[in-house]
Amino acid sequence: MLKNDYHRLLKRQLLKAGLSETDSPELASFIKTVNEAYSSFDKDVYHLENVLELSSKELFALNEELTKDHNKTKSKLEHIVSHIGDIIFETDLEGNFTYLNRAWEKYMGCSVKKTLGRNYKEFIPKKDVEENKKRYNFFNKKKTVFVFKLIKNDKVMWFELKAQLFKNTDNEAYGFIGTITDITNFKEIELALHKASISKDEFLSTMSHEIRTPLNAVTGLSNILLMEDYLPEQVDTLKALKYSSEHLLGLINDLLDFNKIKSGKVDVIEKEFSLVSFLDHIRDQFSMQAVKKDVRFKLVEENDLPEDIIGDKLVLSQIIQNLLSNSFKFTEKGCITLSVRNQGVLNDKVTLGFKVIDTGIGITESRQETIFESFVQASSETAIKYGGTGLGLSICRRLLRFKNSDLEVSSKLGEGSTFFFNIDFKINPAKHVLTSKTSNLKSTYKPLDVNVLVAEDNKMNVLILKKFFANWDVTYTVVENGAEVLKEFEKETCEFDLVLMDLQMPIVNGYEATKGIRKLADPKKANIPIVALTALAQTDVKEKTELHKMNGFMGKPFEPNKLYALLEVYSHS
């Protein structure tokens with residue numbers, strides 16, 4: 001018999017086995033031990049059930065809390081996204097929309113519901129897509145940015161689209177995500193600035209022509225005077241006139257060069273020039289100024305200066321002119337010295353050290369760095385007494401920094417100033433030509449057998465050309481505008497070898513006249529060489545003259561040697 005207080009599982013097992021605790025004392029003891037183990041196990045299970053029940057309730061409560069937080073965050077994000085001004089989108093790899101926020105409806109006038117599943121190209125003007133297939137096929141790139149426009153209610157709107165390839169956790173690309181931003185205001189500003197830039201360019205082009213024209217006359221006439229007979233004592237005056245006019249013209253060319261103004265850079269124009277002649281011009285120019293101001297001016301040359309150097313003559317001239325002009329302005333008595341020293345030659349480059357030393361008013365130590373800033377002078381009293389803009393030293397320093405150099409100063413108040421800098425120039429060791437400062441500037445030219453049509457409306461430029469042509473026995477015809485040029489080509493007797501075409505003329509300008517000539521049925525007339533006459537800088541006209549099939553251009557003022565060389569190319573002699 002089995003005791004009733006045995007565990008139910010134990011009873012079942014004993015009945016199946018046909019065992020009883022009366023079979024033996026040892027078996028009774030074993031059964032008792034097993035019964036206690038079953039009872040202990042029930043208590044543990046009960047305890048675990050209670051623990052699990054409590055844990056389940058806690059997990060359920062936590063899950064509910066997380067669900068609430070998730071729904072709250074999702075709602076908040078959806079609210080934020082739906083109220084963002086930019087369009088946020090998602091597409092598949094073909095560019096079909098899979099997600100859009102509400103900003104889409106505002107800009108595109110189409111509901112999100114009706115848009116999902118449709119391709120983005122449906123919403124970009126067909127013409128734009130056809131003309132820019134590569135640009136608008138953004139779904140074949142990892143990342144893309146492009147700008148497009150839409151016309152909505154007769155108003156042009158501009159948008160910037162940014163899209164990036166999106167990948168899943170297996171690193172497989174499945175679509176694009178990106179934004180579309182309204183940039184209409186920025187684009188309108190950009191277009192307005194571009195329009196203003198065009199207006200500025202047109203204004204500068206006009207001013208360039210108007211300013212250069214009288215300067216061209218001065219330079220041209222000085223060249224003519226040097227070609228004609230003059231008194232020996234006039235040579236220094238004529239040289240100074242020629243040099244000063246050319247220098248002023250060079251400075252204006254720099255100021256009005258469009259590319260320099262836009263980029264903020266100074267173009268490096270390296271040409272070989274005579275250092276000896278350059279210094280002679282400086283000496284001649286400022287010696288006369290020294291006499292007028294009753295101060296001494298000295299030019300000191302040290303360590304065997306090279307005769308010819310290769311570099312930007314105009315930049316060097318502008319720096320020296322500015323520094324010497326400053327010294328003369330602020331020096332009432334004593335001496336002004338320009339010192340030039342050969343600092344050494346290395347790898348076909350010479351380092352020249354320049355110093356401008358004066359005995360003027362000097363500069364306080366506290367102001368010696370600020371004077372290089374734009375529109376700054378040594379003191380307010382200096383500005384009132386001596387005038388000026390305070391740009392000279394700033395320009396000098398900027399120009400030198402373009403040349404990997406710098407301008408420095410040493411000065412004491414009341415004892416004068418020394419401005420100094422080093423600058424490298426290339427040299428040609430195989431060439432040693434000394435330019436004589438006393439040489440006759442007149443040149444010998446052979447007569448030219450050439451028939452030239454000159455289209456030029458400026459009387460002074462015509463006068464200068466006539467003087468040159470008379471010296472060279474050139475046959476020429478002068479007309480005042482492009483309409484008269486075309487009339488000349490209507491004549492059967494039109495037998496010109498070359499057309500010198502001014503670009504800015506009344507009625508019909510040089511470009512339009514050239515276009516008319518190139519369309520003529522007679523191939524001989526249509527292909528006649530046409531060289532533009534221009535007061536603009538090279539960068540201003542090169543592209544246009546090539547576009548209008550001109551054969552080149554000749555700058556004003558006319559340099560005799562260059563003009564002669566041009567005419568010689570087309571001469572029959």
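Trainee: Which exposed residues does the face of α19 turned away from its buried side carry?
Mentor: This is a predicted model: local features need pLDDT of at least 70, side-chain atom pairs count only at pLDDT 80 or more, and totals for chains, interfaces and linings use all residues. Residues are numbered from 1 along each chain as its sequence is written, and side-chain values use heavy atoms, without hydrogens and water. Exposed means over 50% relative accessible area, buried under 20%, partly exposed in between (1.4 Å probe, protein chains only). That face of α19 carries N561 and V569.

Trainee: Which residues of α19 are buried?
Mentor: Helix α19 (a DSSP run of H or I, at least four residues, numbered from the N terminus) spans residues 560-569. Its buried residues are P560, L563, Y564, L566 and L567.

Trainee: What arc around the axis do they cover?
Mentor: The arc is taken from directions between the helix axis and the C-beta atoms. The buried residues lie on the same side of α19 because they cover an arc of only 160°.

Trainee: At what angle do α14 and α19 cross?
Mentor: Helix α14 is residues 459-472. Axes are lines fitted to C-alpha atoms over the stretch in contact, with angles from 0 to 180 degrees between N-to-C directions. The two axes come within 12 Å, and they cross at roughly 60°.

Trainee: Which residues of α19 meet α14?
Mentor: Contact means heavy atoms within 4.5 Å. From α14 come L465, F468, F469 and W472. They meet, in α19, P560, L563, Y564 and L567.

Methods
Helix = DSSP H or I, 4+ residues; strand = E, 2+ residues; numbered from the N terminus.
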